[in-house]
Amino acid sequence: MNQLTRELTKDVQLLVGKILSLEAIPGGITNRNYKLEAASGTYMLRVPGERTELLGIDRKCEFECSSTAYSVGIGAQPVAYLQIHGALFTRYLENAETLTIPRAKMQLEAILNALKKIHAAPAFPKSFSAFETIRNYHQLALEHHVKFPKDTTQILEQLQHIKAILEPHAVIVPCHNDLLPANILVTNQLWIVDWEYAGNSNCAFDLGNLAANLELNEIELQNLISLYYGQITPILLAQVQLMRLVSDAREAFWGYLQSGISSLEFDFMEYGNKHLDRFRNGTTRAEYPLWLQVLSESD
């Protein structure tokens, strides 16, 4: 029981009854996650890591977005948000399998069907822009004395150009914005969890983010577009491909900022470098200027 502070333990027990067991769930690099057995049932308790507000996470908004995901049948049931601790309670998904990349690829149609449900849901309380997030992460990381690669200014300029090209085509809907395989679970159905970066955003970012995190090849990416949109066009392909690059850039700058603010034993700089390399590689592909061109010409 000493894994939780005395104050948090007291507030938890007022909410769900006597704590019978508490088991830390490994794997998180932002929060501490626990499986909690209480007199009233089994819960997932998420306790935020230090200074996660600098990552743009609004815990109250996360709770409300989680509630919307539950209402459309793709999220675990939120129970409570303990504002003073920033802690979030949801019902525990028993016998849930956390997907690996290969398993997630096998579940691609089900994942996209779940995304369609949240994309058609009522608007979230706040908006999310990957481009604004990257700029904020960069500025905050500089304030925490993070040293960036020499080509960072050029990369930020490229991102501004991509933003200008994509904006006229944006379809703004409620989005998850962090579709890692670890945030996708399967029981007798598919669930999407961890809504801390959720917000109203361009639906193409969710698709590009998913493609990046599942490391889809070209055929798999085209299948994703076909399953979601019901067709493949040069415009749709260009949007998802560019958002895939933006997703890697967001992950890179997230890693750099975390390297300056987190005390977790994780190599955030290596994480950032890996994703920035993926962004660089994408922008050197022969198809990259063609994606920009097709969207520019169709404004």
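Two strands are said to pair if DSSP finds at least two bridges between them. The structure treated here is a predicted model.

**Exercise 1.** Determine which strand β6 pairs with, and how the open sheet that holds β6 is ordered.

*Solution.*
Step 1. Two bridges join β6 to β8, the strand of residues 184-186. That count satisfies the criterion of at least two bridges, and the two strands run antiparallel.
Step 2. Within this pair, glutamate 97 lies opposite valine 186 of β8.
Step 3. The open sheet has three strands, in the order β6-β8-β9, with antiparallel pairing.
Step 4. The edges are formed by β6 (97-98) and β9 (190-192), each of which pairs on one side only.
Step 5. Helix α4 (residues 108-119) packs on the sheet and touches β8 and β9. The direction of α4 makes about 55° with that of β9.

**Exercise 2.** Describe helix α2, from its start to the residue glycine 73 that follows it, and locate its buried residues.

*Solution.*
Step 1. At the start of α2, a side-chain oxygen of aspartate 58 comes within 3.1 Å of the backbone nitrogen of lysine 60.
Step 2. The helix comprises 13 residues (59-71) and spans 18 Å from its first C-alpha to its last, close to the 18 Å expected.
Step 3. Its buried residues are Arg59, Cys61, Glu62, Cys65, Ser66, Thr68 and Ala69. These residues lie on the same side of α2 because they cover an arc of only 165° around the axis.
Step 4. The buried residues of α2 pack against β2 (31-38), β3 (41-48), β4 (78-82), β5 (87-91) and α4.
Step 5. After α2 comes glycine 73, with a positive phi near 85°.

Key: Residues numbered from 1 in each chain as written. Predicted model: local features only at pLDDT ≥ 70, side-chain atom pairs only at ≥ 80, totals over all residues. Heavy atoms only, no water. Helix = DSSP H or I, 4+ residues; strand = E, 2+ residues; numbered from the N terminus. Contact = heavy atoms within 4.5 Å. Axes fitted to C-alpha atoms, helices over the stretch in contact; angles between N-to-C directions. Expected span 1.5 Å × (residues − 1). Buried < 20%, exposed > 50% of the residue type's maximum accessible area, 1.4 Å probe, protein only. Arc of directions from axis to C-beta. Polar contact = N/O pair within 3.5 Å; in protein donor to acceptor, adjacent residues only side chain to side chain.
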